[in-house]
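User: Please take a close look at one helix and the parts that surround it, and work outward from there in one connected account. Which neighbours does it have, and how does its setting relate to the rest of the chain?

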Amino acid sequence: MKKTVEIKSKIQYKIIQKKLYNLNKMFLKSQDKVAYYYEELNHNTVFSFNESISFYSASAIKILVCLYLYEQAALKELDLNEKLTIKEEDVKQGSGVLKDRPTGQAYSIEKLVEYTLVESDNTAYIKLVNYVTKEKLIEFGKKLGAEHTLEGKDLFGITNCHDMRAYWTELYRFAKEEELGKKLKHFLENPSYKVIDIFPRISIENTALLTSLITNVVLSKKRILFTYL
């Protein structure tokens with residue numbers, strides 16, 4: 001398979017263009033092990049590499065169940081104050097704080113969403129997915145235009161830049177139009193972990209920034225960037 005970069009329209013900002021070309025020069029050495037997707041929403045500018053190649057989702061997929069729950073709450077289909085009890089089978093090692101707490105404790109759906117996004121908590125994520133069900137999340141992903149939602153044996157599955165764009169574009173719309181979307185956006189803007197930002201903070205009028213770096217997510221106002229390493 002030939003490794004090429006797809007540029008769908010001219011990149012407006014030379015400092016970003018230079019950084020993306022430098023990224024590509026570095027990433028081409030890794031071939032199938034790397035993918036990225038850059039988009040300026042209001043300028044129809046896309047710069048991507050291996051956009052359709054799938055990788056293990058890891059924490060990048062956590063946004064999907066949180067988005068689903070908050071959209072359902074906005075439609076009055078569920079109560080974010082409903083409490084869910086963490087059972088032994090919900091506990092997942094890795095990132096997060098709940099794995100170190102005794103099982104049997106109950107947390108509101110809203111609090112579990114906060115843990116999922118702010119702490120990248122695996123246990124909170126697993127509890128929420130089991131509450132919603134994998135089947136409903138797959139259906140939700142397809143509705144948004146994703147092709148590989150939770151595909152695989154576990155509750156993280158695989159994803160690619162194409163599918164992540166679908167999730168984050170919907171999140172962008174929801175955050176602009178709904179009060180609950182603004183709350184979800186607040187969680188994403190304030191993670192407890194370090195967010196990697198390879199771009200300078202450039203003021204670009206009326207553009208949107210959505211960044212997802214495999215285990216880290218941050219929402220601001222400039223561009224969409226998905227990177228898989």
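**Helix α3 and its surroundings**

Analyst: Helix α3 passes α7 in a right-handed crossing, and this description, like everything that follows, refers to a predicted model. The axes of α3, residues 109-118, and of α7 come within 8 Å of each other and cross at roughly 35°. On the α3 side the residues that meet the partner are Glu 110, Val 113, Glu 114, Leu 117 and Val 118, while α7 brings Lys 183, Leu 184, Phe 187 and Leu 188. Sorted by class, this contact between α3 and α7 holds six nonpolar residues and three charged ones, with no polar residue.

The setting of α3 goes beyond this one partner. Because eight of its ten residues are buried, α3 is largely enclosed by the rest of the structure. The buried residues are Ile 109, Glu 110, Leu 112, Val 113, Tyr 115, Thr 116, Leu 117 and Val 118, a list that includes the charged Glu 110. These buried residues pack against α2, β5, β6 (residues 106-108), α4 and α7. Following α3 comes Ser 120, whose phi is positive, near 50°.

Some residues of this region also belong to a wider nonpolar assembly. The largest nonpolar core has 45 residues, and those touching the most other members are Val 65, Leu 69, Val 113 and Leu 184. Two or more residues are given to this core by each of α2, α3, α4 (residues 122-132), α5 (residues 134-144), α6 and α7. The largest share, nine residues, is that of α2. Leu 69 shows how such a member connects to its surroundings: setting aside neighbours within four places in sequence, Leu 69 is in contact with Leu 78, Leu 80, Ile 109, Val 113, Leu 128, Tyr 131 and Val 132, and of these Ile 109 and Val 113 are among the buried residues of α3. Apart from the largest core lies another one, of six residues, among them Tyr 37, Ile 53, Phe 55 and Cys 161.

Helix α2, with its share of nine residues in the largest core, has a helix partner of its own. The axes of α2 (residues 62-74) and α6 (residues 161-177) are 11 Å apart, and the two helices pack at an angle of about 35°. This crossing of α2 past α6 is left-handed. From α2, the contact draws on Ile 63, Leu 64, Leu 67, Tyr 70, Glu 71 and Ala 74, and from α6 on Met 164, Tyr 167, Trp 168, Glu 170, Leu 171, Arg 173 and Phe 174. By class, ten of the residues in the contact of α2 with α6 are nonpolar and three are charged, with none polar. In the loop between α2 and β5 (residues 83-85) sits Lys 76, which has a positive phi near 65° although it is not a glycine. Lys 76 counts as exposed because its relative accessibility is 74%, above the cut-off of 50%.

Helix α4, another of the elements packed against by the buried residues of α3, contains Thr 123. With a relative accessibility of 0%, Thr 123 counts as buried, and, residues up to four places away in sequence not being counted, Thr 123 touches Ile 86, Asp 90, Val 91, Lys 92, Leu 98 and Lys 99. Another threonine, Thr 133, lies in the loop between α4 and α5; Thr 133 is partly exposed at 28% relative accessible area, and its phi is positive, near 95°, in a residue that is not glycine.

Back at the partner helix, α7 (residues 179-189) also holds Lys 185. Since its relative accessibility is 18%, Lys 185 counts as buried, the cut-off being under 20%. The side chain of Lys 185 is joined to that of Glu 189 by a polar contact of 2.7 Å.

For the chain as a whole, the secondary structure comes to seven helices and ten strands. Of the 229 residues in the protein chain, 52% are buried. Among contacts between residues at least 6 apart in sequence, 63% join residues at least 24 apart.

Definitions and conventions: Residues are numbered from 1 along each chain as its sequence is written. This is a predicted model: local features need pLDDT of at least 70, side-chain atom pairs count only at pLDDT 80 or more; totals for chains, interfaces and linings use all residues. Side-chain values use heavy atoms; hydrogens and water are left out. Axes are lines fitted to C-alpha atoms, for helices over the stretch in contact, and angles run from 0 to 180 degrees between N-to-C directions. Helices (H or I, at least four residues) and strands (E, at least two) are DSSP runs, numbered from the N terminus. A crossing is left-handed if the near helix is turned anticlockwise from the far one by less than a right angle, and right-handed if clockwise. Contact means heavy atoms within 4.5 Å. Buried means under 20% relative accessible area, exposed over 50%, partly exposed in between (1.4 Å probe, protein chains only). A polar contact is a pair of N or O atoms within 3.5 Å; within protein, one must be able to donate a hydrogen and the other to accept it, and residues adjacent in sequence count only if both atoms are side-chain atoms. A nonpolar core is a set of buried Ala, Val, Leu, Ile, Met, Phe, Trp, Tyr and Cys residues joined through side-chain atoms within 4.5 Å.
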